[in-house]
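Subject: Structure for you to look at

Dear colleague,

I am handing over the structure we spoke of, and below it you will find my notes on what was found. Please read them with the structure open beside you.

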Amino acid sequence: MAQRTWFITGINSGFGRYMTEQLLERGDRVAGTVRNMNSVDDLKEKYGELLWVAHLDVTDIPAIYAVVDQAFNRLGKIDVVVSNAGYGLIGAAEELTNEQITHQINTNLVGSIQLVRASLPHLRAQGGGRIIQLSTVGGQAAFPGGSLYHATKWGIEGFIEALMQEVAPFNIGLTIIEPGGARTNFKDHSAKLAPRLEAYEGTPAAKARSNFGDSTIIPMGDPAKMAKVMIDSADQYPAPKRIALGSDSYTVIHQALTGRLAELEAQKELAFSTNYPKEDAL
């Protein structure tokens with residue numbers, strides 16, 4: 001297999017780390033971003049020039065464009081861009097602070113959008129490439145206690161699905177990844193909690209909070225296997241639109257889509273009744 005070059009945000013932990021380790025081990029090059037430059041010293045020492053690292057906080061839009069430009073200029077062609085950086089925000093919508101809401105949206109949604117936008121001119125100029133967007137089972141289903149997290153993930157999925165159609169003429173393929181629970185540090189270290197409001201004690205939103213602090217809940221998903229699937233998707237043509245990872249992701253998304261379709265079908269007569277009569281149509 002020919003050597004590829006990948007650009008991945010957030011390579012210090014979670015799926016970004018797993019992908020980076022597997023790619024470097026097989027001899028691919030990785031341009032990775034981190035907020036703490038010392039967090040991947042072990043990888044830099046082991047793989048040397050195969051790994052190029054830059055500091056990036058994806059809430060800093062000018063920095064996104066500068067780092068992406070620098071990576072393409074330094075490494076030349078980049079085959080795959082992986083928008084991975086993000087985190088979860090847990091709490092009832094009323095519990096969240098305005099600062100938490102803004103930071104969640106700026107990180108997961110605006111940051112992801114701007115990373116993709118910054119990459120597009122380079123991908124067009126080189127004749128194509130791939131973009132892999134990390135989402136979640138929560139990009140197709142919604143649970144109490146995750147309203148703002150879901151807003152960002154449903155939002156980025158809509159953006160990517162529209163973009164797929166816009167950039168197809170330029171040989172740019174996009175894939176949305178929808179993992180379920182995985183044994184990464186997401187639950188214990190990458191999730192943020194809203195301040196408690198006593199009114200929500202005992203509600204479903206409060207249960208979501210307690211689940212994130214419950215060490216007895218062990219996810220089924222193997223992050224190394226999931227990372228391999230993400231990597232392998234770059235070899236599929238055309239690019240798969242969505243990939244669900246984990247039995248929980250498949251089951252929950254299937255239930256959500258089936259339920260929405262049933263609700264839509266039940267409204268067919270109502271929906272059609274709001275049209276102008278055919279003879280009056282303009």
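Phenylalanine 7 is a good place to begin: its bridge partner in strand 4 is valine 81, and please bear in mind throughout that this is a predicted model. Strand 1 and strand 4, to which this pair belongs, run parallel and are joined over three bridges. On its way through the sheet, strand 4 turns Val80 and Val82 to one side and Val81 and Ser83 to the other, and all of these are buried. This fits a general pattern, since in a regular strand the side chains alternate between the two faces of the sheet. Strand 4 is also joined to strand 6 by four bridges, again in the parallel sense, and there valine 80 has arginine 130 as its bridge partner.

Stepping back to the whole sheet, seven strands make it up in the order 3-2-1-4-6-7-9, and the sheet is open, with parallel pairing. Strand 3 (51-55) and strand 9 (242-245) are the edge strands, each of them pairing on one side only. Neighbouring strands are turned against each other by 15° on average, direction ignored.

At the strand 9 edge, strand 7 (residues 172-179) pairs with strand 9 in the parallel sense over four bridges, and isoleucine 177 has isoleucine 243 of strand 9 as its bridge partner. Two helices that pack on the sheet deserve a look here. Helix 1 (residues 14-25) touches strand 1 (5-9), strand 2 (29-34), strand 3, strand 4 (80-83), strand 6 (129-134) and strand 7, and its direction makes about 160° with that of strand 1. Helix 8 (residues 223-232) touches strand 1, strand 6, strand 7 and strand 9, and its direction makes about 165° with that of strand 9.

Towards the other edge, strand 2 has five of its six residues buried, so it is largely enclosed by the rest of the structure. Strand 2 runs parallel to strand 1, to which five bridges join it, and arginine 29 in strand 2 stands opposite threonine 5. Between these two strands the chain passes through helix 1, and this β-α-β crossover is right-handed. Five bridges also join strand 2 to strand 3, once more in parallel, with threonine 33 opposite alanine 54 in strand 3. A right-handed β-α-β unit is likewise made by strand 2, helix 2 (residues 41-47) and strand 3.

As for the interior, the largest nonpolar core has 29 residues, of which Phe7, Ile131 and Leu174 touch the most other members. Strand 3, helix 3 (61-75), helix 4 (98-125), helix 5 (147-167) and strand 7 are the elements that give two or more residues to this core. Apart from this core lies another, of 26 residues, among them Trp6, Leu24, Val40 and Met226. If you wish to follow one residue, isoleucine 131 has contacts, beyond its neighbours within four places in sequence, that include Val81, Val116, Leu120 and Leu174.

Finally, helix 3 and helix 4 pack at an angle of about 35°, their axes being 9 Å apart, and the crossing is right-handed. Helix 3 makes this contact through Ile61, Ile64, Tyr65, Val68, Asp69 and Phe72, while the residues that helix 4 brings to it include Val110, Gln114, Arg117 and His122.

With best wishes

Terms used: Residues are numbered from 1 along each chain as its sequence is written. This is a predicted model: local features need pLDDT of at least 70, side-chain atom pairs count only at pLDDT 80 or more; totals for chains, interfaces and linings use all residues. Side-chain values use heavy atoms; hydrogens and water are left out. Two strands pair if DSSP finds at least two bridges between them. Axes are lines fitted to C-alpha atoms, for helices over the stretch in contact, and angles run from 0 to 180 degrees between N-to-C directions. Contact means heavy atoms within 4.5 Å. Buried means under 20% relative accessible area, exposed over 50%, partly exposed in between (1.4 Å probe, protein chains only). A crossover is right-handed if, with the strands pointing away from the viewer, the path from the first strand over the helix to the second runs clockwise. A nonpolar core is a set of buried Ala, Val, Leu, Ile, Met, Phe, Trp, Tyr and Cys residues joined through side-chain atoms within 4.5 Å. A crossing is left-handed if the near helix is turned anticlockwise from the far one by less than a right angle, and right-handed if clockwise.
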